[in-house]
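This report walks through one protein structure for a reader who has not seen it before. It starts from a single residue and then widens to the strands, the core and the pocket.

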Amino acid sequence: MTKEPPSKTRQKIITILLVLVSGSLFYLLLVRLGLIVSLGQIPQVLCTQDCQLEPQFHTLLAGNQLLNYDQPIEQLITKVNDKKKISLLIEKSKHRLTLYYDRKPLKSYPVVFGNNPVGDKQAEGDSKTPEGILRIKDLYPHSQWSKFLWLDYPNTQSWRKYFQAKTSGKLAWHLPIGGQVGIHGVPVGADQIIDDRNNWTLGCPSLKNKDVDELYQWVQKGTVVEILP
């Protein structure tokens with residue numbers, strides 16, 4: 001039996017390594033974009049009973065008013081600024097986004113949503129805004145809407161609800177879960193959209209540009225964003 005030349009063996013090993021590395025990078029990209037479930041999420045996603053649910057994070061504001069809307073945040077935080085203590089609460093029924101510092105409400109903003117605003121997001125194209133506990137996974141300037149605070153939808157809870165909807169027959173199996181949901185502004189000069197409570201997006205919460213610009217300075221990757229019906 002003829003022995004394979006060392007050069008061919010090395011070439012095969014290099015090819016296998018390249019396939020493994022490129023496959024791993026592609027998998028990580030799909031996970032980051034929210035197109036597939038990460039391996040660590042699978043046990044919780046497939047959970048059917050005694051599942052861990054994140055409890056409500058914020059104490060709710062009474063009434064429907066906007067809190068301290070005309071005051072800049074730096075005048076409201078009397079302690080040393082620590083971005084880790086910042087969190088956001090979005091109440092869809094009240095069209096209100098409130099910034100909390102150390103679990104205490106500081107300032108509210110008017111906000112609008114996807115053009116099918118009632119109910120939790122289940123799949124791509126349903127124009128609903130997701131509900132539950134999410135977190136900011138990235139933030140950056142946006143060429144059309146001032147800033148984009150990218151949320152980690154779909155997260156573990158989102159994936160679980162998605163598969164439960166499919167197994168119960170409430171959602172067609174061919175529909176993807178969707179992604180690229182974030183808090184952003186409006187086209188330049190279009191603040192009236194927010195004042196009119198016009199739910200114009202495909203599912204993202206939307207603020208006036210001056211408001212999203214202010215929030216952008218105070219939040220960071222990992223900031224909790226709780227979205228309630």
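Why does tryptophan 150 count as buried? Tryptophan 150 counts as buried because its relative accessibility is 6%, and buried means under 20% relative accessible area, with exposed over 50% and partly exposed in between (1.4 Å probe, protein chains only). Tryptophan 150 lies in strand β5. Its C-alpha is 9.0 Å from the C-alpha of lysine 221, although 71 residues separate tryptophan 150 and lysine 221 in sequence.

The model is predicted: local features need pLDDT of at least 70, side-chain atom pairs count only at pLDDT 80 or more, and totals for chains, interfaces and linings use all residues. Residues are numbered from 1 along each chain as its sequence is written, and side-chain values use heavy atoms, with hydrogens and water left out.

**Overall layout**

The protein has 6 helices and 7 strands. Helices (H or I, at least four residues) and strands (E, at least two) are DSSP runs, numbered from the N terminus. Along the sequence they follow the pattern α-α-α-β-β-β-β-β-α-β-α-α-β. Of the 229 residues in the protein, 44% are buried. Among contacts with a separation of 6 or more, 66% are between residues 24 or more positions apart; contact means heavy atoms within 4.5 Å.

**Strand β7 and its partners**

Strand β7 covers residues 224-228, and 5 of its 5 residues are buried. Val224, Glu226 and Leu228 point one way from β7, while Val225 and Ile227 point the other way. In a regular strand the side chains alternate between the two faces of the sheet.

Two strands pair if DSSP finds at least two bridges between them. Strand β1 (residues 86-91) runs parallel to β7 and is joined to β7 by 5 bridges. Glutamate 91 stands opposite leucine 228 of β7. Strand β4 (residues 132-142) runs antiparallel to β7, with 4 bridges between them. Here leucine 134 stands opposite valine 225, and glycine 132 has isoleucine 227 as its bridge partner.

Strand β4 also pairs with β5: 6 bridges join these antiparallel strands. Proline 141 has lysine 147 of β5 as its bridge partner. With 3 residues between them, β4 and β5 form a hairpin.

**Cores and helix α6**

A nonpolar core is a set of buried Ala, Val, Leu, Ile, Met, Phe, Trp, Tyr and Cys residues joined through side-chain atoms within 4.5 Å. The largest one has 38 residues, and Leu97 and Ile183 touch the most other members. Strand β5 (residues 146-151) gives the largest share of this core, 4 residues. Another core, of 5 residues, lies apart from it and includes Val112, Val186, Ala190 and Ile193.

Leaving out residues up to four places away in sequence, leucine 97 touches Leu88, Leu89, Ile90, Lys107, Ser108, Tyr109, Val111, Ile183, Leu207 and Leu215. Leu215 is also one of the buried residues of helix α6 (residues 209-216), along with Asn209, Asp211, Val212 and Glu214. The buried residues of α6 pack against α3 (73-76), β1, β2 (96-101), β3 (104-110), β5 and β6 (182-184).

**Loops**

Two residues other than glycine have a positive phi, as listed here.

| Residue | Phi | Loop | Relative accessibility |
|---|---|---|---|
| Histidine 95 | near 50 degrees | between β1 and β2 | 13%, buried |
| Serine 127 | near 55 degrees | between β3 and β4 | 12%, buried |

Another loop, between β5 and α4 (156-167), holds proline 154. The peptide bond from tyrosine 153 to proline 154 is cis, with omega near 0 degrees.

**The largest pocket**

On a 1 Å grid over the protein atoms alone, a pocket is an open set of points where a 1.4 Å probe fits, with protein on both sides within 12 Å along at least five of seven lines; lining residues have an atom within 4 Å of a point. The largest pocket has a volume of about 300 Å³, a volume being the space filled by probe spheres set on the points, which are joined across faces, edges and corners. Its lining has 16 residues, of which Gly179, Gln180, Leu202, Gly203 and Cys204 lie nearest its centre. By class, 6 lining residues are nonpolar, 8 polar and 2 charged. Ala, Val, Leu, Ile, Met, Phe, Trp, Tyr, Cys and Pro count as nonpolar, Asp, Glu, Lys and Arg as charged, and the others, Gly among them, as polar.
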